[in-house]
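Subject: A structure for you to look at

Hi,

Here is the structure I promised to pass on. Please open it alongside this email, and I will walk you through what turned up.

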Amino acid sequence: MKIAILGYGKMGQAIETIATGRGHEVLVAIDNEKDWTEQYDLLKSCDVAVDFSMPSTAVENIRKCFALQLPVVVGTTGWYDHLPDLVDECNKTGQSLFVASNFSIGMNIMFELNRRLAQLMNGRDEYAVSIAETHHIHKLDAPSGTAITLANEAIANLEQKNSWTLNGELWIGDDNQVDEAKSTQPQDREMLPTEVIPILSVRQAEEPGTHTVVYDSDIDTLLVSHRAKSRKGLALGAVMAAEFLNGKKGYYTMKDLLK
């Protein structure tokens, strides 16, 4: 395939490495508005675009791809308020859109574990559920799209929960500060309504991404956690999504790919 990469930062470069290693050609790399203008003709020759840009540009990038009839895989998060409208637009106009909050195969297995664990925890009010996520200091949105997915899918399976909140957000850049900062977070469960799941966001150094779901009681704590070791897993999943989307019309997610 001929691939366009939208957002040529560290993730975009990791995608390029994986894509070329799998026999594809990265024909276009776009990082600003000037690139859109200068490489417009090349974009028309691409088979698929992969977007890891910024929350502020993702929606516009998707619509530009739609205008070109260019299938687009989107890993950027922080713009999901617009997702229902774009899915509707995609289906009505015969476009191709693949969206995931996390392309890691391991993380998507954790999504399934999270759903099943929430079902098992129904009626066990002695356990307080929370979610923690840690990412590099360059990540612009908080909480992460992955943490929001974990929270929403827990809510869908826990009868006593109906919403989440960003509680005690931290923006720090030194590894030595992390444990100390976490230890100062409010632990009093009475501070939040019982139907709300708190999400803790930490930003430190070059952390690729760690997500932990916690069920805590007075007698024990249950944790399910996923830690990315690098961007490679995300990049591989994104390229696999591009391969999956090639030749298809409609809206897809990782659940479709993993089937």
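Let me start with a small puzzle: is D51 buried or exposed? D51 is buried, because its relative accessible area is 1%, where buried means under 20% relative accessible area, exposed means over 50% and partly exposed is in between (1.4 Å probe, protein chains only).

Before going on, a word on what you are looking at. This is a predicted model, in which local features need pLDDT of at least 70 and side-chain atom pairs count only at pLDDT 80 or more, while totals for chains, interfaces and linings use all residues. Residues are numbered from 1 along each chain as its sequence is written, and side-chain values use heavy atoms, with hydrogens and water left out.

The overall picture

The protein chain contains ten helices and twelve strands; helices (H or I, at least four residues) and strands (E, at least two) are DSSP runs, numbered from the N terminus. Along the principal axes, the C-alpha atoms fill a box of roughly 60 × 40 × 30 Å. The radius of gyration is 19 Å, which agrees with the value near 18 Å for a compact globule of 259 residues. That radius is taken over C-alpha atoms, and the globule rule is 2.2 Å times the number of residues to the power 0.38. Of the 259 residues, 49% are buried. If you take the contacts between residues at least 6 apart in sequence, 72% join residues at least 24 apart; contact means heavy atoms within 4.5 Å.

Back to D51

You will find D51 in strand β3. Leaving aside neighbours within four places in sequence, D51 is in contact with L6, A58, N61, V72, V73, V74, G75 and T76. D51 and A238 make a nice pair to look up: 187 residues separate them in sequence, yet their C-alpha atoms are 9.2 Å apart in space.

Helix α4 and what surrounds it

Two of the contacts of D51, A58 and N61, are also among the buried residues of α4, together with V59, I62, K64, C65 and F66. These buried residues pack against β1 (2-6), α2 (33-38), β3 (48-51), β4, α5 and β5 (96-99).

How do α4 and α5 lie relative to each other? Helix α4 (residues 55-67) and helix α5 (residues 83-93) pack at an angle of about 5°, and their axes are 12 Å apart. Axes are lines fitted to C-alpha atoms, for helices over the stretch in contact, and angles run from 0 to 180 degrees between N-to-C directions. The two helices are therefore roughly parallel to each other (angles under 35 degrees count as roughly parallel, over 145 as roughly antiparallel, 65 to 115 as roughly perpendicular and the rest as oblique). On the α4 side the contact is made by V59, I62, R63 and F66, and on the α5 side by L86, E89 and C90.

Just after α4 comes Q69, with a positive phi of about 60° although Q69 is not a glycine. Q69 sits in the loop between α4 and β4 (72-74) and counts as partly exposed, at 47% relative accessibility.

Helix α7

Helix α7 (residues 145-157) has 13 residues and spans 19 Å from its first C-alpha to its last, close to the 18 Å expected at 1.5 Å a residue; the expected span is 1.5 Å times one less than the number of residues. Most of α7 is covered, with ten of its 13 residues buried. Among them are G145, T146, L150, E153 and N157. The partners of the buried residues include α6 (105-121), β6 (128-135), β9 (196-203) and β10 (210-216).

In the loop between β6 and α7 you will meet P143. A cis peptide bond joins A142 and P143, with omega about -5°.

Two more stops

A205 lies in the loop between β9 and β10. Its phi is near 45°, a positive value in a residue other than glycine, and at 25% relative accessibility A205 counts as partly exposed.

Finally, L223 belongs to strand β11 (residues 221-227) and is exposed, with a relative accessible area of 54%. Not counting residues up to four places away in sequence, L223 touches T212, V213 and V214. L223 and N91 are 132 residues apart in sequence and 39 Å apart in space, C-alpha to C-alpha.

Enjoy exploring!

Best wishes
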